[in-house]
Structure formats: C-alpha cells, structure tokens
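The following questions and answers concern helix packing, strand pairing and burial. Please consult the sequence and the structure while reading.

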Amino acid sequence: MARTISYAEVQMHRSQNDCWVILYGNVYDVSCFLADHPGGAKVILQLAGTDATEEFDPVHPPGTLENSLPAEAKIGIVDKGTLPTKQSSQVSITRSSFDDNALASLEDCLNLDDIEALATKKISQRAWAYYYGAADDLHSKAFNNSVYRSILLRPRIFVDVTRCDTSTSILGHKVNVPFYVAPAAMARLAHSDGEHGIAKACQTFGAMQIISNNASQTPEQIVAGAGPDQLFGWQLYVQTDRKKSEDMLARIAELPAIKFICLTLDAPVPGKREHDERTKSVAASLPVTSTTQDGSASTTSAAPVTGGVGKALFAGTAPDLTWSNTLPWLRKHTNLPVILKGLQTHEDAYLASLHAPHVKGIILSNHGGRAADTAPPSIHTLLEIRKYCPEVFSKLEVFVDGGVRRGTDVVKALCLGATAVGLGRSPLYGLGAGGIDGVKRVLEILKAETETAMRLLGCHSVKQLGPRQVNSRRVEGEIYDGPGGLEEPTSRARSKL
C-alpha cells in the first residue's frame, strides 16, 4: 500500500541532497535527478518541497516522469487534506482593459477580440504573457493587424450571391475554409485540450492545421482520430544536433495525416519578448522534452535557459541554415512536400521559386511580430512579390499569416494572391476561452465573416477573388521601392535540387 505523506513532511525536503516534489498527487524524491536535469538543478530546487504540478504539466508531454525517473523515486502519495489553499503567485502585468461582466460565455463573443478578452480572464498570467507578447515595442505585431484597414474593399451589386463556397485547395488537398491554424507553441498553457483540441475543431470545419515543433502534446496524440481528409503539416525548427531533427522527420513520415513539412526560417534566434520575459516563470526555464517513437517523452540535453517561455523553446535551434546546405539535407530526410515559412522580402520569395518543385509553397510571415520588430507585415511582402516577381505565384503556393482578426482580412489577402491565410494567436485564445468549443467558435466567427465579405464583393467562390475586388493603393505606397535584386541569382539559388 502506498505511503501517505503530509505536505508538512514534504516541505522538510528542500535541499540539494534531499529534494522532494509533488506531481499529480504523488510524492517523488528527485535528489538523484538534479544533476541530470537538462534545465539545471536550480529549476527543480525552486520547486522543492512544493506541489510542482501546475508548473510541470503544461510544458511536459505525457510520459516524461516515467521516462526520466526510476520507479523507486515515487515514495508515496500526498495527503490532500494537508495541502495549503492555492494562492496566485503571478507577476502583475497590465493586460488589455475590458468589462469583466460583458463577456460571460462563448456565445457572448461576437468577434476574435471578444474571444481574446474572454481568454484573458481565464488563462494564467504566464500563458497570457507568452501568447500576447511580441518583440521589443510590439510595432510589427500592431502593424500586422492595422495594415489591413488601409486596404479597401470594392463591393459590386446586382450579383446573385445566394450560394457562397469558401472551400479551396492547398497542395492538392481540398479544405473547406481559406484559413488555417498556423504553428503556435504550447497550447496546453491555455487549456488541457491542447493541440489535439485544436485538431478536433479543425476537423469540424475542414480546416488545415500546421502542428508546432514545440507543441505541448506529441504528434501522435494531436492527429489521433483525425478524419481521412483532414490536412496537417509539421513545423520544423532544425536543431543544431541534426540527428534530432532527422529522427523527428522519420517519425513524422509514419503519420499519414501529416502531408507536408513547414520549415520555419523567420526566427533563427529568438526575438526580445519583454512581456514573456517579465513573468520569470519557473516553468519557462524547463527544457522542451522530445518524444519517442512510441509516444512517451524523453528528456533531452540542453543548456539551462532562464527567462520566459519563448526563449526556453529556442534552446538547441540551429542558426546556421542556408539555401545551399539545408534544402539538400532536408530532401535526404523527407519525401514530403516542403513549405518555407517566414519570408519577408520579394528577393527571398524569388529564390524560393528557383527551388520548385522541391519547395511547394512559401508562408510570408514576420513570426507574429515576435522576431524582428519593425519587420514588414506579410501583406507588404505579398505586394512586393506582385510588383517585382509575379512569376512566383505560378511556381509556388503563397500563404500569409499575422494580424488576421476579421473575415475581411482573409478576403483581402486572398484577393492579393494568397492561397490561404494563417491564424496564430486566435486558436490559442479560443482554447483559453473554452477549450475545443472555444476554437470552434473562432473558426465559426471567421468563416461567417469571410462569407459575408465575399457576398458583399459579389463573389460566391474563392476562385472569383482577385485584385479588382480591393483597392490597395495606400499600402502600395508604403512597400519597398528599391532595386529588384533579381538580376544575378546566386549560384547556390540557381542549383537544381
């Protein structure tokens, strides 16, 4: 019979050589593990003698304990009657103001701003700071959204729009909506449904989901129960230890629901995210654990990282990727189509087109404003491509993300040539507002707004959307206006892959 241990007794074991913690109601002696913990002993010692479940759970996939600790490390169960009443230890950071009584449920949410406000009331300070934060002064984050307001719609009249079809095709696969869930990490910080909950919502609406490399659930868990036509991509952050990335690519190849690899390139190093850094969360110092082929977790070696969640997630990410080395390496280790994420200039879009058909598409993105502050919004890059190298659209599928808050935003991007539009923070806020149902509400709102915008333009299908439906003159005056830079392609870009 398991030994019952009082909380007072657990508190007596808080030293380097005698360290106990409570996890999921069980008491563990982790003294022998301190020296081996990838995040350093200090991370665990800050939690010594306490219930560490709330800090541990959102950032460790299931199986971590079993894979990292010997069975004898579990020494009993905690007497729940002796546990102290939980009190918030969150750092005080001013959030966006809203009426606490205005939004009581998902049904009260009429737009994505409402969803964010409701989620902000429910999620932890750590989760809010990580999701909300962006680089430096948040200029790029704000501009991602505001730039859409400078593009005007050109509605037409006397058109029968009784029928409206929002379906489109991505890499040859039909989807029911022209927007998708972009790769965003740590969904279980918002809700225990996590990325699998997002997948279930996407299944309902026939939407694509790109799974984050730093997801809080295993890829097997996320795609479990996926529909036969459900479309997933896998985001890849190449690791300095290439073998880790190669092993993951081999593992992804065994999951037929995942149809392509999304190689992320817009954040070779983390941006300075001050909202996230100010939380100084203990859990943020923990390393991201990888998962084994059978779905259990394994602890990986990484240098200790202090600060916010975002910085911790970049531990081990390779900063040395190049056109000439990385794409040939990637082709050796996956047969799946490749999409390059994070292009922010027409020159890079042009170079990517030279690598077709190995590269099937590109995502114009500034990482949600979380990498280089004052980097251009994806709409600027989209217009650059139209101006300097429109042939890219005939060679690659072109996606955009960042700042999408309305169906009109989706429609404007499609009119300017985007294949589909990515949603980053909104599904996470949806999770925080109401789990799976919250994500469904996000997709429901955006689909209805997209349909309304299409009908008012006089279009009843995505194929009918084009430049004539929008006036982008104001934004065109703000895009890059220098040399094209396409006259002398480099030999590395010209090489046939």
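Q: How many of the eight residues of H14 are buried?
A: The structure is a predicted model, and a residue counts as buried in it under 20% relative accessible area. His346, Ala349, Tyr350, Leu351, Ala352 and Ser353 of H14 meet that criterion. H14 is thus mostly covered, and the number of its buried residues is six.

Q: Is H15 largely enclosed or left open by the rest of the structure?
A: The buried residues of H15 include Ser378, Ile379, His380 and Thr381. Leu382, Leu383, Glu384, Ile385 and Tyr388 are buried in H15 as well. Because nine of the 11 residues of H15 are buried, the helix is largely enclosed.

Q: What is the orientation of H14 relative to H15?
A: Helix H14, residues 346–353, packs with helix H15, residues 378–388, and their axes lie 8 Å apart at an angle of about 65°. Angles of 65 to 115 degrees count as roughly perpendicular. H14 is therefore, relative to H15, roughly perpendicular.

Q: Which residues in H15 do His346, Glu347 and Ala349 in H14 meet?
A: H14 passes H15 in a right-handed crossing. The residues of this contact divide into three nonpolar, two polar and two charged. On the H15 side, the residues met by His346, Glu347 and Ala349 are Thr381, Glu384, Ile385 and Tyr388.

Q: What is the orientation of H10 relative to H13?
A: Helix H10 spans residues 242–252 and helix H13 spans residues 323–333; the two pack at an angle of about 40°, with their axes 10 Å apart. Angles under 35 degrees would count as roughly parallel, and roughly perpendicular begins at 65. The angle therefore makes H10, relative to H13, oblique.

Q: Which residues of H13 make the contact with H10?
A: The crossing of H10 past H13 is right-handed. From H10, the contact is made by Arg242, Ser245, Glu246 and Leu249, and from H13 by Trp329, Leu330 and His333. By class, the residues of the contact of H10 with H13 are three nonpolar, two polar and two charged. The H13 residues asked for are Trp329, Leu330 and His333.

Q: Which strands stand at the edges of the open sheet of four strands?
A: The order of this sheet is S1-S4-S3-S2, with mixed pairing. An edge strand here has a single partner strand, so one side of it is left without a neighbour in the sheet. That description applies to S1 (4–5) and S2 (20–23).

Q: Which residue in S4 stands opposite Ile5?
A: S1 pairs with strand S4, residues 74–78, over two bridges. The sense of this pairing is parallel. Opposite Ile5, in S4, stands Val78.

Q: Which residue in S11 stands opposite Leu236?
A: Strand S10, residues 232–236, runs parallel to S11 and is joined to it by five bridges. S11, residues 258–264, is largely enclosed by the rest of the structure, because six of its seven residues are buried. The residue in S11 opposite Leu236 is Leu263.

Q: Does His367 count as buried or exposed?
A: His367 is found in the loop between strand S15 (359–364) and H15. In sequence, His367 and Gly424 are 57 residues apart, while their C-alpha atoms are 9.1 Å apart in space. Because the relative accessibility of His367 is 11%, the residue counts as buried.

Key
Residues are numbered from 1 along each chain as its sequence is written. This is a predicted model: local features need pLDDT of at least 70, side-chain atom pairs count only at pLDDT 80 or more; totals for chains, interfaces and linings use all residues. Side-chain values use heavy atoms; hydrogens and water are left out. Axes are lines fitted to C-alpha atoms, for helices over the stretch in contact, and angles run from 0 to 180 degrees between N-to-C directions. Angles under 35 degrees count as roughly parallel, over 145 as roughly antiparallel, 65 to 115 as roughly perpendicular and the rest as oblique. A crossing is left-handed if the near helix is turned anticlockwise from the far one by less than a right angle, and right-handed if clockwise. Contact means heavy atoms within 4.5 Å. Ala, Val, Leu, Ile, Met, Phe, Trp, Tyr, Cys and Pro count as nonpolar, Asp, Glu, Lys and Arg as charged, and the others, Gly among them, as polar. Two strands pair if DSSP finds at least two bridges between them. Buried means under 20% relative accessible area, exposed over 50%, partly exposed in between (1.4 Å probe, protein chains only).
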